[in-house]
Amino acid sequence: MLRTNQTFLDFITKLYEKQERKEDVILKQFTKGQKLFMQNDKSSKVMLMKEGIVKCYFSEENDKEFILEFLGKGEILGEIECIRNIPCLCNIEAMTGVSAYALSVPYFLELLKNNLELNALLVDAFAERIVNTSKRASFQQLYTVEHSLRKLLELQSKQDIQLSKEDLAAYLGISVRSLNRSLKNLAE
């Protein structure tokens, strides 16, 4: 539910600290509710989470949201859009106060061409996303909504984050009404 990547965070922290003028990698702060990236907008940065939690979600034309994932420290944001030179695929919104390292696009592309450690970290991050997406899709197909909700509530409690009913429903891919029915069924 909450993805983190300490190895990637350690890598970017070293890059940040060894800069002489702190121009290629800067540390940015975001408040709860602030968007780091907006779906369909062009981005000028690639970011890596230092602290805090964000939600990554699609906004559909009917104003419905689908939360792909909750991301924490060490997770990279905007790299796919940078590599493919496309607008942002989804929204990234701070759920808590967030600090993130922001890399300029030219600097990120330079690293991509010349830094094998970055490439290895990216390949690992992409592979991890594929595995997690596959697990989540099969889990949603094999188990009832109540079972998935129970697991989600357990993880929420264990990771000490508060999710609104709207966010719970958006993560499970159901309506708030269906969520309320499922919560009622769990309470019985």
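**Exercise 1. Place Pro87 in the fold, starting from its contacts.**

Solution.
- Step 1: Leave out residues up to four places away in sequence; Pro87 then touches Asn40, Asp41 and Glu81. The model is predicted.
- Step 2: Find the element. Pro87 sits in the loop between H2 and strand E8 (91–94).
- Step 3: Check a distance. Gln39 is 48 residues from Pro87 in sequence, yet the two are 7.3 Å apart in space, C-alpha to C-alpha.
- Step 4: Classify the exposure. Partly exposed covers the range between 20% and 50% relative accessible area. Pro87 has 41% relative accessibility, so Pro87 counts as partly exposed.

**Exercise 2. Describe the aromatic pair of Tyr16 and Tyr101.**

Solution.
- Step 1: Count the pairs. The structure holds 3 aromatic pairs.
- Step 2: Take the geometry. For Tyr16 and Tyr101, the ring centres are 5.0 Å apart and the planes make an angle of 50°.
- Step 3: Name the type. Stacked needs planes under 30 degrees apart and edge-to-face needs over 60. The pair of Tyr16 and Tyr101 is tilted.
- Step 4: Locate the partners. Tyr16 lies in helix H1 (residues 6–18) and Tyr101 in strand E9 (residues 98–104), so the pair ties together parts 85 residues apart in sequence.
- Step 5: Is Tyr101 buried or exposed? Buried means under 20%. Tyr101 has 2% relative accessibility and therefore counts as buried.

**Exercise 3. Find the residue that lies over the face of Tyr57.**

Solution.
- Step 1: Look above the ring. Lys55 lies over the face of Tyr57.
- Step 2: Check the distance. The cut-off is 6 Å from the ring centre, and Lys55 is at 5.0 Å.

**Exercise 4. Describe the largest pocket.**

Solution.
- Step 1: Give the volume, about 740 Å³.
- Step 2: Count the lining. There are 30 residues; Cys56, Leu68, Glu69, Arg129 and Thr133 lie nearest the centre.
- Step 3: Name the elements. Strand E5 (54–59), strand E6 (65–71), strand E7 (76–77), helix H2 (79–84) and helix H4 (116–142) each supply at least two lining residues. H4 gives the largest share, 9 residues.
- Step 4: Sort the lining by type: 15 nonpolar, 6 polar and 9 charged.

**Exercise 5. Do the same for the second largest pocket.**

Solution.
- Step 1: The volume is about 310 Å³.
- Step 2: The lining has 13 residues, with Met1, Arg136, Phe139, Leu155 and Tyr171 closest to the centre.
- Step 3: H4, helix H5 (145–158) and helix H6 (165–172) each supply at least two of the lining residues. H4 gives the most, with 5 residues.
- Step 4: The types are 6 nonpolar, 3 polar and 4 charged.

Terms used. Residues numbered from 1 in each chain as written. Predicted model: local features only at pLDDT ≥ 70, side-chain atom pairs only at ≥ 80, totals over all residues. Heavy atoms only, no water. 1 Å grid on protein atoms, 1.4 Å probe; cavity = no way out; pocket = protein on both sides within 12 Å on 5 of 7 lines; lining within 4 Å. Points joined across faces, edges and corners; volume = space filled by probe spheres on them. Helix = DSSP H or I, 4+ residues; strand = E, 2+ residues; numbered from the N terminus. Nonpolar A, V, L, I, M, F, W, Y, C, P; charged D, E, K, R; others polar. Phe/Tyr/Trp six-rings, centres within 6.5 Å; stacked < 30°, edge-to-face > 60°. Buried < 20%, exposed > 50% of the residue type's maximum accessible area, 1.4 Å probe, protein only. Lys NZ or Arg CZ within 6 Å of the ring centre and 35° of its normal. Contact = heavy atoms within 4.5 Å.
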